[in-house]
Amino acid sequence: MASEFEKNTTNMYVEQSPKGLENGQVQKNVDDDGREKRTGTVLTASAHIITAVIGSGVLSLAWAMAQLGWVAGPVILFLFSFITYFTSTLLADCYRFPGPGSGKRNYSYMEVVRSHLGGFKVQLCGIAQYGNLVGITIGYTITASISMKAVVRSNCFHKEGHQASCTVSNYPYMVIFAIIQIILSQIQNFHKLSWLSILAAVMSFAYSLIGLGLSIAKVAGAGHHVKTSLTGTIVGVDVSGTQKVWRCLQSIGDIAFAYAFATILIEIQDTLRSPPAENKVMKRASLVGVFTTTLFYVLCGTIGYAAFGNNAPGNFLTGFGFYEPFWLIDFANVCIAIHLIGAYQVFCQPIYGFVEGRCSVKWPDNKFIKSQHDINIPWFGVYNLNYFRMLWRTIYVIITAIIAMIFPFFNAILGLIGAASFYPLTVYFPIEMHIAQRKIPKYSFKWIWLHILSWACLIVSLVAAVGSIEGLTQDLKTYKPFKPQDHD
């Protein structure tokens, strides 16, 4: 499955390579693979990492901290950051094959896995990676609709008072979000719309900083007093003993979601100029990126917990721990919606490319799949309509929207996505590729401790997944499908 898509992308690069070579000499404006010379530095790579990571994952950290408390919460955040940084350094060495300093470049995460591991593990990587992308698009549909609804509720609370019910349904906003995505999904050469990615990145920083600022203002406000503890929510007061266990496990999944960004690191490394060696530069960029992100996460999580205490909402910008200034909360939620509109497209484009590439290979002579129809659109020029692309992309958006409507649970879905993606993509594959690349002897000291780390992370991911599934189960018990809910 995955290998066929890999062949298509690899062939594309092979066809481009000769353009930069003449008489066996490498031109000054191209790199050793014949592609346009890369110009990335530690600064740009660090910025890419920070921009890609800081986003919707930050919204649930105050809630996660409330479940874990002042001791376990920051400790788990730092553990995830350390593991993420460590495995990112292993991944940086795998960019080139067979050695980290020289050899063939790999342009994507799956190409790296194919070069170093090959065989069935490439298919496993494909399942993990594309499954993660599908899960993220579902999660983003839920989160965007909650933020759109929060704008309406915020204005209602401002007019009617904080005790008003202001019940609003998510579903119309999921439909609106889906319609926007159906339209954007039909755009050809989406990679050329760099302005949308830049806008999404600015929005993610905006709402994260607004949330942090509102939390600081709440903590500093006169008469502020909330209940917090070293161990988080108190059994018998805030939650039952069983709820305490399940919510702690689910919160670990939420933290894992905030750190699940390994799949983009190879693409970022592929932007770096050389010399110096790309793996050395990428390791420094990963250190800066992970350190900055962790600092920001700790601030949002701990200050959010200090602001709301053990009753911290699942999403600290839509759970209405803040009511005023309502216009600033509205702006923050609009920023979330705009960010997720762009982010949805970034994450679904690889899925579109994979399915369309595989269908083209399997049915090369099928006119429905291959034929293009030129349509002249006033003020926009000629649009090349492909019926298969239009139909399949529309169906994909509709399916993700329907699943989001059936399971519109923010924290549980984020926790499940984080638990399912963190171990295979952030831990397992980087460790296995490092062992294969360095030819580490079986049962040697290094081989043993690397596998201990891998198995420990697997166990953590499994229990976090169980906690998130239990959270989904509990939410479903009180959930009335397709009816407005008072709380998200």
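**Buried rings, unpaired cysteines and one helix**

Author: Both Tyr352 and Trp392 are buried, where buried means under 20% relative accessible area, exposed over 50% and partly exposed in between, with a 1.4 Å probe and protein chains only. This is a predicted model, in which local features need pLDDT of at least 70 and side-chain atom pairs count only at pLDDT 80 or more, while totals for chains, interfaces and linings use all residues. Residues are numbered from 1 along each chain as its sequence is written, and side-chain values use heavy atoms, with hydrogens and water left out.

Reader: What makes Tyr140 and Phe347 an edge-to-face aromatic pair?

Author: Rings of Phe, Tyr and Trp (its six-membered ring) pair if their centres lie within 6.5 Å, and planes under 30 degrees apart count as stacked, over 60 as edge-to-face and the rest as tilted. The centres of Tyr140 and Phe347 are 5.7 Å apart with 80° between the planes, so the pair is edge-to-face.

Reader: Why is Tyr140 called buried?

Author: Its relative accessibility is 8%, so Tyr140 falls under the 20% limit and counts as buried.

Reader: Why does Cys300 form no disulfide?

Author: A disulfide is a pair of cysteine sulfur atoms within 2.5 Å, and the closest cysteine sulfur to that of Cys300, in Cys335, is 14 Å away, which is too far for a bond. Cys359 is likewise too far for a bond, because the closest cysteine sulfur, in Cys348, is 16 Å from its own. By this rule the count comes to 0 disulfides.
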